[in-house]
Amino acid sequence: MSRVAVAGGTGAVGRLVVGRLRAAGHEPVVLSRSAGVDVLRGPRSALVAALIGCDAVVDVLGPTGPAAQTAAGSRAFFRTTTAALLRAGHEAGVAHHVALSVVGAARVDAGYYAGKALQERQLTVRREGGWTLLRTTQFHEFAPGLAALGALGGRGRDPRVVVVPSFVSQPVAAAEVADELVALAAGEPRGAVRDLAGPRVEVMADLVRRWLRARGRDARVVQVPLPGRFGAGLRHGLALPGPWARLGRQPFDDWLAAQP
Ligand SMILES: NC(=O)c1ccc[n+]([C@@H]2O[C@H](COP(=O)([O-])OP(=O)(O)OC[C@H]3O[C@@H](n4cnc5c(N)ncnc54)[C@H](OP(=O)(O)O)[C@@H]3O)[C@@H](O)[C@H]2O)c1
């Protein structure tokens, strides 16, 4: 049995990682604000204390709030949290740091992806301690998130129009990402491993349409090109995996059919 800290262990993928660690007989330690540990603003002593006795840290933190969607906000979040986890992990004697990034973040290096690209660089220049970096495409769960974010008009859960960025993706099941992170955390540090993507190329607006239809909602889904390098990157397929990526098994529609 090993003790594994999960930074962001209450989030979309983090909670799946925590469940799988527990099911495999490991001891997960959740680091998140709701679990009493603020990695961004909290004291280093609290982080070190939480990490003592851990064999690995899985970093699946994600920023909240609108500032996190700008390049400056995203960079500030990932620069600070990654440095805090690496430093505290080193002090606590944690041998392995596993981080999750997004396919194409370094190619786009703008908007939210600027912070992910910076997080990747912080790991790849690291001299002391072992690390593993997994990049995946968007989770299937991303489409419902966009549907909620882009809802306009109508009442509450029944919007008339949903605005979605023009975005080509090859989404993957968060459950498969969690399986992979648990396997990586249990092994030796491997540096950057092969990207993981879903089995099919999809257009985000279509995924949102299918999600809304499955929920009995007939909102009109409108695609809008996001401005700047970030928007162009999403539109032109820079977030798609290369031919070297491993592909997950579950397509979006199978995931959708399995949702309660
Ligand atoms: N979603 C995707 O499609 C996708 C795809 C590929 C890679 N990724 C990467 O995977 C990571 C996780 O994504 P996700 O969608 O699972 O994120 P998420 O659902 O937004 O969860 C974010 C987690 O971070 C925690 N957190 C936020 N601020 C914190 C702070 N100051 N201190 C401690 N904990 C904090 C949150 O818990 P509290 O609110 O309780 O603090 C939560 O557990 C991100 O780095 C993202 O870039 C995501």
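User: Which atom of the ligand does a backbone N or O atom of Leu61 lie close to, and at what distance in Å?

Analyst: A polar contact is read as a pair of N or O atoms within 3.5 Å. In this predicted model, an oxygen atom of the ligand lies 2.7 Å from a backbone N or O atom of Leu61. A polar backbone atom of Val39 is 2.9 Å from a nitrogen atom of the ligand. With Ser32, the side chain takes part: one of its N or O atoms is 3.5 Å from an oxygen atom of the ligand. The protein covers 86% of the 890 Å² of accessible area that the ligand has on its own.

User: Which residues around the ligand come nearest?

Analyst: A residue belongs to these surroundings if one of its heavy atoms lies within 4 Å of the ligand. There are 28 such residues, and Thr10, Ser34, Leu61, Tyr112 and Lys116 come nearest. By class, the shell has 14 nonpolar, 11 polar and three charged residues.

User: Which element gives the most to the shell around the ligand?

Analyst: Strand β4 gives the most, with three residues. At least two residues of the shell come from each of α3 (71-92), β4 (96-102) and α5 (112-124).

User: Is His96, in strand β4, buried or exposed?

Analyst: A residue counts as buried when its relative accessible area is under 20%. His96 has a value of 3%, and is therefore buried. A polar atom of its side chain lies 3.1 Å from the backbone oxygen of Gly187. Beyond its neighbours within four places in sequence, His96 is in contact with residues including Asp55, Val57, Trp131, Leu184 and Pro189.

User: How many residues has the largest nonpolar core?

Analyst: In soluble globular proteins, nonpolar side chains tend to be buried together. Here the largest nonpolar core has 46 residues, and those with the most contacts inside it are Leu31, Leu47, Leu51, Tyr113 and Val208. Setting aside neighbours within four places in sequence, Val208 is in contact with Ala143, Leu146, Ala147, Val162, Val164 and Val221. Another core lies apart from the largest one; it has 23 residues, among them Val18, Leu134, Val172 and Val177.

User: What is the phi of Asp109, and where is Asp109 found?

Analyst: The sign of phi is the point to read in this case. Asp109 has a positive phi of about 45° although it is not a glycine. Asp109 is found in the loop between α4 (105-108) and α5.

How values were computed. Residues are numbered from 1 along each chain as its sequence is written. This is a predicted model: local features need pLDDT of at least 70, side-chain atom pairs count only at pLDDT 80 or more; totals for chains, interfaces and linings use all residues. Side-chain values use heavy atoms; hydrogens and water are left out. A nonpolar core is a set of buried Ala, Val, Leu, Ile, Met, Phe, Trp, Tyr and Cys residues joined through side-chain atoms within 4.5 Å. Buried means under 20% relative accessible area, exposed over 50%, partly exposed in between (1.4 Å probe, protein chains only). Contact means heavy atoms within 4.5 Å. A polar contact is a pair of N or O atoms within 3.5 Å; within protein, one must be able to donate a hydrogen and the other to accept it, and residues adjacent in sequence count only if both atoms are side-chain atoms. Accessible areas come from the Shrake-Rupley method with a 1.4 Å probe; for residues, only the protein chains shown count as cover. Helices (H or I, at least four residues) and strands (E, at least two) are DSSP runs, numbered from the N terminus. Ala, Val, Leu, Ile, Met, Phe, Trp, Tyr, Cys and Pro count as nonpolar, Asp, Glu, Lys and Arg as charged, and the others, Gly among them, as polar.
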